[in-house]
Protein chains: 2
Amino acid sequence: MWSTNRAMFRHLRLMQGFTRGLSTSGNSSRTGNWVIGSSHLLKAFAITSGAAAAAWYVSMHRTTYPAACEASISPGEFVEGLKEISLEEVQKHKSKADGGIWVTYKGGVYDITEFIENHPGGQAKILLAAGGPLEPFWSLYAQHQEEFVYSILEELRIGNLKASDKETLAQKNESDPYANDPARSPLLTVRGHKPFNAEPPLELLDSEITPNDLFYVRNHLPVPKIEGKDYKLEIVHRDGRTSELTLADLENKFKPHDVTATIMCAGNRRNEMDSIKKVKGGYWDAGAISTARWTGALLSDVLEELGITEEGVEHIQFEGLDKDSTTQTIYGASIPADIAMDKKCEVLLAYKMNDEPIPADHGYPIRAVVPGVVGARNVKWVGKIVASDKESDSHWQQNDYKGFNSSIDWHNVDFSAAPAIQELPVISAICSARIEGDEVVAQGYAYSGGGRGIIRVDVTADNGNSWEVAELSPADPNQKRNRVYGWTLWSATLKLPECGKTVEDGCLVVRSRAVDSQYNLQPENCDKIWNLRGVLSNSWHEKKLVLDN
Amino acid sequence: MWSTNRAMFRHLRLMQGFTRGLSTSGNSSRTGNWVIGSSHLLKAFAITSGAAAAAWYVSMHRTTYPAACEASISPGEFVEGLKEISLEEVQKHKSKADGGIWVTYKGGVYDITEFIENHPGGQAKILLAAGGPLEPFWSLYAQHQEEFVYSILEELRIGNLKASDKETLAQKNESDPYANDPARSPLLTVRGHKPFNAEPPLELLDSEITPNDLFYVRNHLPVPKIEGKDYKLEIVHRDGRTSELTLADLENKFKPHDVTATIMCAGNRRNEMDSIKKVKGGYWDAGAISTARWTGALLSDVLEELGITEEGVEHIQFEGLDKDSTTQTIYGASIPADIAMDKKCEVLLAYKMNDEPIPADHGYPIRAVVPGVVGARNVKWVGKIVASDKESDSHWQQNDYKGFNSSIDWHNVDFSAAPAIQELPVISAICSARIEGDEVVAQGYAYSGGGRGIIRVDVTADNGNSWEVAELSPADPNQKRNRVYGWTLWSATLKLPECGKTVEDGCLVVRSRAVDSQYNLQPENCDKIWNLRGVLSNSWHEKKLVLDN
């Protein structure tokens, strides 16, 4: 309950901020086109603050939100009767002292002075946009693309941006920081161009090691152009001192260590959640996962060499060299220090991927490879490591890549209530399935985080009434239980079931579920694990086979 | 597929052994009352051996088994026309050289000479019964209590046991090795007397630490009577050398270490699986779990002191001092050596439980406490530790406490195909729930193995259409992620849902599910995780509340 309450409070504050914003914008009436009608707003402020008010507010909000949502809002459109404001004028308004904080969105000018203290993403972030356009930020932080955010924004509207300036900005927003991104294999299925996201076809995920060209790509920002000879890794000690290592240092001063590790995006198989109810996040089928043999220096060796111990250090933060120059956003993430410093966890500062220098898309020259941990913490192009008592304060550590239940949506989420995803739960996918005579032949992968190896994959063609145990790819006999960092491939042959009983919508549906060494298994139904970001989509995987007759 | 095939082969061999047994018993006809009719048997041997025959056999077996099963068989009953055999005569038949290996069961005498090589439990075990009664073994190894085992036995029948000897044996079998078991709290709900199994009422599982008197008891054998001053722990090195430690050594020579750890039986919540389809195993509600603060010597310290390293050592085996004198069975189990030797895993040779000497029922004077690992490996009354390259060959390590899917039953199980349960998957239970006005108030526990702490408990009163996040008991701020060994208590208050939509069978059903730090969550439905031993019963937990109107 505490976490939900926190979300409620936050939301109430957000709304209070909004009403203050209203009066600043010169609109003294509380009627308007916000998602909650004016009478509700008035009631909200007639009730004393605290849990009761928050609960009341949220229950109202829940009731009225879907209806209000039906009216589509296009923020930034020209509004008759508002004054015209030039970009030059906007740029002069960067603080209260300047007479208010203004921003633009498309053709709209907005005064966010009073709103900022209630900005769910914090004041610091929103202030980066002061005196300029919101677009670059909103394209980074997808949660803004919501009707109710549009509504809040339009309530802060103070004018129309001068037409010629609108055009200038639109052109500038379209200038391409991704122009230097590397060429990619045409075999990849592109899910997003800027930043680049792509996955291999499932049928090609049939070998222990994924070729570099086929390895899924999940970038958050443009690919940085780095020369190996110029590369420097900065390490910040707990007391603030810094050390620096070159690529040659990492390659030569530490014993090279190999580990075969699967990396998976938290959003792998997001398409399934999205088909149940819209989620926020790029589209992924089941291919946002790949496996490589990584070579590098053990992070534990590097930290040891630099004299960094667990004393006072709870987290090891990584910063990437990928950057958005407009928003000054750097990709960052952190992992618990005891994992970083445990040699058995085999965390690498990797410089090779399948025996080649790490390709540009995968982190050249150095990628943090954290076996058993979600892709988001396997930071590419690592430029800085910070030994800290705190987690990374990066957006992707704090306000993304976390799990919630299906009753939490963008209107009531409190990201601080959930821990950052580190080890991923057990998952499997059917990469191919076909009917051969009176048999069904299926194959796929299975994986679990935290080094939990796969001990069984069950396959069914009658929705779990009967299960066939799949044949698993041979395990490395040297691997310890709980230190299995690569995926397991599987194949199964099932007797074609009597169709009358098992056909769903004219199709035979083959389903897989994996069991890891902790005997955890995949949840049954996707709708019961739906979450607003579409992460951790690890329910039984299914493949529909159309029957001839 | 490979594991199923192995089970098939095994089973075919079992059947071949049975037919050889038939001819030994003087019955040259292949007709009989075995579960598979004679024509099937003949067909089985007309087919060449190997996978095809095995598959054919099993498919036949599957088809005919349920029908045959309907006829109830009472092994050991007097059979008209068979010769009378005295116990003295039976006792003379302990090997082939004695003219055959005979055993008794109730009033029956059986020749198992040819059968033993195909005994699924191995020859060594069954030979312990040679020349005597089967009853003590069958009461230990529950899988014999099956119609098809009775059928096999009766096919090996060669005579009736002399009436007076039958009575003598019955009395002997009833002599009570459990007479010295300690007194127990009347608050415990007894699930089995010999061996003693009992659980606390769920309503009393409401504190972080379970009082010793209330801690659930899962014994496999009689409680051994051990004087602390006489206690000796034998440690067998990899090269066969042995060391010995007294209780005083363990208490004084090693730094005492405390850990709060939950211990749970793999069969906790077995009642739910049993209600879907009969399983083999003692009845447990959700109380086969408790938490104590354990104090002892770190096993890693002890092994280090004795010079035992991971070199050549893959498993640390524990043997209990609990013993069945008739069957010479000793309780045993093992854990992976890297867990035993990792100080962070905090494996203890515990001599205190909640600041008191460990009570007799819980392992006095020494219990192996393996935080995050299933109760079966937390061996009580440890008398011997073996550093080995192999797992314990104990029945409970090899042929019990393993998980299978619901298509595996006693007729096709191959215990070697599944790993021994070590870390338990995430679980929760509702310990109490009540309706208060227009709210439902529920509380319970949640736990996950392997040190995975609980990050969220979801509670629903509408079968997962909406979820309330429970309030969790405060976490120890010093605990590292993945080193959380005690359970988490939770409480939740839900709005009473509109009854029309959510009432099932006149009841409001409250359900809980927990999420651990790896974001694994409990499976939805018990029928989809059913397994023949009724272990790992961790589906969403439910509590039905009868509605007044």
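This report looks at how chains A and B sit together and then at one sheet in chain A. Keep in mind that the model is predicted.

**How the two copies relate**

Turn by 180°, shift by 0.0 Å along the axis, and chain B lands on chain A with an RMSD of 0.1 Å. The two copies are thus related as by a two-fold rotation axis. Which residue of chain B comes closest to the rotation axis? That's B:Pro523, with its C-alpha at 2.5 Å.

**Where they touch**

On the chain B side, 42 residues are in contact with 41 residues of chain A. Helix H1 (2-24), strand E21 (454-460) and strand E24 (488-495) of chain B each chip in at least two residues to that side. The largest share, three residues, comes from H1(B). Sorted by class, the side of chain B that touches chain A breaks down like this:

| Class | Residues on the chain B side |
|---|---|
| Nonpolar | 19 residues |
| Polar | 15 residues |
| Charged | eight residues |

Of the interface residues of chain B, 98% are also interface residues in chain A, so the copies meet through the same surface.

**A sheet in chain A**

Over in chain A, five strands make an open, mixed sheet, running in the order E10-E9-E18-E13-E14. E10 (242-246) and E14 (329-336) of chain A are the edge strands; each has a single partner strand, so one side of each is left without a neighbour in the sheet. From one strand to the next, the twist averages 20°.

At the E10 end, strand E9 (residues 232-236) of chain A runs antiparallel to E10(A), joined by five bridges. Within this pair, A:Leu233 stands opposite A:Leu245 of E10(A).

Note on methods:
Residues are numbered from 1 along each chain as its sequence is written. Chains are lettered from A and ligands numbered from 1 in the order in which they are written. This is a predicted model: local features need pLDDT of at least 70, side-chain atom pairs count only at pLDDT 80 or more; totals for chains, interfaces and linings use all residues. Copies are superposed by least squares on the C-alpha atoms of residues with pLDDT of at least 70 in both. Two residues are in contact if their C-beta atoms, placed from the backbone, lie within 7 Å. Helices (H or I, at least four residues) and strands (E, at least two) are DSSP runs, numbered from the N terminus. Ala, Val, Leu, Ile, Met, Phe, Trp, Tyr, Cys and Pro count as nonpolar, Asp, Glu, Lys and Arg as charged, and the others, Gly among them, as polar. Two strands pair if DSSP finds at least two bridges between them. Axes are lines fitted to C-alpha atoms, for helices over the stretch in contact, and angles run from 0 to 180 degrees between N-to-C directions.
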